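Work through the exercises below with the structure in view. Try each task before reading its solution.

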Amino acid sequence: MGTVARFDIGFTRYLSPEGAPAPDLPAFARDPAALLPLYRAMVLTRQFDLKAIAMQRTGQIGTFASALGQEAIGVGTATAMRPDDVLIPSYRDHAAQFVRGVTMTESLLYWGGDERGSGFAAVPHDFGNCVPIGTQVGHAAGVAYAFKLRQQPRVAVCIIGDGGTSNGAFYEGMNMAGAWQVPLVIVINNNQWAISMPRAKQTAAATLAQKAIAAGIPGEQVDGNDVIAVRDRVGDAIERARDGAGPALIEAVTYRLGDHTTADDASRYRDDATVKEAWLHEPVKRMRDYLASVGAWDAGREEALIRECQQAVAAAVEAYLQLPHPDVSAMFDCLYETLPAAMADQFDTAQRYAAQHKETQHG
Ligand SMILES: Cc1ncc(C[n+]2csc(CCOP(=O)(O)OP(=O)(O)O)c2C)c(N)n1
Ligand SMILES: [Mg+2]
């Protein structure tokens, strides 16, 4: 029996878990000052997550999905995009959204169940959070197809979880992207968990990156806790796609350090020792250690940055709390041109309920 095809899956890491750099840093990362905005974006996301969880606990927003430990994936991906590219995110991608210009207030509106949290003033062409797992890949392939038809030099960038890659919609979207050779980059946030389902139990594939190969798409892995590696490899894939080379998939390997959402208690299904070990690899400290080792960071700058981020988060929270609630009819606005009878009933019930409970602000 001969061999008719052979494939390799590459892996890229520039910063060790201790923050030691590889000798061949990519050009954008050679000046430590150029990395400071990436570090700030990760720290801001972490401060936002802390506050958002506290707000869920006190009833000021609904269920919330934190990005704890996965900040490098969103920041590395979004800093590799151009403003007129399109982000098609999952529900855990606010790190990427904030870099794109989505405001923290808009994000809080989303998690507060307000429709206005799915439209973004700075990036109206970006998609809202996708909760049905995997379905955003089909949307993203469609967006990329439109770019190809219109001959626009734009790229669709879609982020999906490890669990999402076990879903049929992922394969369908990826297959179309491969068949049509459209400018789509799929980034997998492999955080090792799909709620309580560990990576090892949801697929027998050795890597998630290799799932691209069957669709005729190059697939590779990066250390998802190394923002330089994510930015470099996703950036490379985006620019290849922009130049007409077709789609690509990057699997970013990381670890979900928090619960799945505020509705979850991960201590029920995973042991403390594994999580403790995973903390040694986390992306924020890794970048901080690197920046400090080259003299670009110190305790004073860290303290000032945390304070600045906390103030920005507090201002966003205040703006969210001050916004008047939308009319209850907003829940129905984008569903049908004419509401079917069953929903017309719900609409009436909602109106009556709203009239009895006149709360005018969030929280
Ligand atoms: C089609 C679909 N099936 C099931 C669910 C319920 N669900 C919500 S989150 C989730 C796990 C997703 O895991 P993963 O894709 O790894 O993303 P992560 O939450 O880890 O970022 C599931 C099964 C859903 N939202 N959509
Ligand atoms: Mg996951």
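**Exercise 1.** Find which residue of β4 stands opposite Ala156.

Solution. The model is predicted, so read each position as a computed one.
- Start at Ala156. Opposite this residue, in β4, stands Leu184.
- Move on to Cys158. Its bridge partner in β4 is Ile186.
- Now take the strands whole. β3 covers residues 156-161 and β4 covers residues 184-190. Six bridges link the two, and the pairing is parallel.

**Exercise 2.** Trace how the chain gets from β3 to β4, and state the handedness of the crossover.

Solution.
- First look at the other neighbour of β3. Strand β2 runs parallel to β3, joined by three bridges. Within β3, Ala156 is the bridge partner of Val86.
- Next leave β3 along the chain. The path goes through helix α6, residues 168-180, and then enters β4.
- This β-α-β crossover is right-handed.

**Exercise 3.** Write down the strand order of the open sheet and name its edge strands.

Solution.
- The sheet has six strands, ordered β1-β7-β8-β4-β3-β2.
- Their pairing is parallel.
- The edges are β1 (11-12) and β2 (86-88), since each of them pairs on one side only.
- Add the helix that lies across part of the sheet. Helix α8, residues 227-242, lies across β1, β3, β4, β7 (219-223) and β8 (248-253). Its angle to β8 is about 170°.

**Exercise 4.** Decide whether the faces of β3 are covered or open, and list the residues on each side.

Solution.
- Use a general rule to sort the residues. Side chains in a regular strand alternate between the two faces of the sheet.
- One side of β3 holds Ala156, Cys158 and Ile160. The other holds Val157, Ile159 and Gly161.
- Check burial, which takes 20 or more other C-beta atoms within 10 Å. All of these residues are buried, so both faces are covered.
- The count agrees: six of the six residues of β3 are buried.

**Exercise 5.** Work out how the radius of gyration of the protein compares with the globule rule for 363 residues.

Solution.
- Begin with the inventory. The protein has 13 helices and eight strands.
- Its radius of gyration is 21 Å, close to the 21 Å from the globule rule, so the protein is as compact as a globular protein of that length.
- Add the outline. The C-alpha atoms fill a box of roughly 70 × 55 × 45 Å along the principal axes.
- Then the interior. Buried residues make up 43% of the 363.
- Finish with contacts. Among those between residues at least 6 apart in sequence, 75% join residues at least 24 apart.

How values were computed: Residues are numbered from 1 along each chain as its sequence is written. Chains are lettered from A and ligands numbered from 1 in the order in which they are written. This is a predicted model: local features need pLDDT of at least 70, side-chain atom pairs count only at pLDDT 80 or more; totals for chains, interfaces and linings use all residues. Two strands pair if DSSP finds at least two bridges between them. Helices (H or I, at least four residues) and strands (E, at least two) are DSSP runs, numbered from the N terminus. Two residues are in contact if their C-beta atoms, placed from the backbone, lie within 7 Å. Axes are lines fitted to C-alpha atoms, for helices over the stretch in contact, and angles run from 0 to 180 degrees between N-to-C directions. The radius of gyration is taken over C-alpha atoms; the globule rule is 2.2 Å times the number of residues to the power 0.38. A residue is buried if 20 or more other C-beta atoms lie within 10 Å of its own, exposed if 12 or fewer, and partly exposed in between; C-beta atoms are placed from the backbone. A crossover is right-handed if, with the strands pointing away from the viewer, the path from the first strand over the helix to the second runs clockwise.
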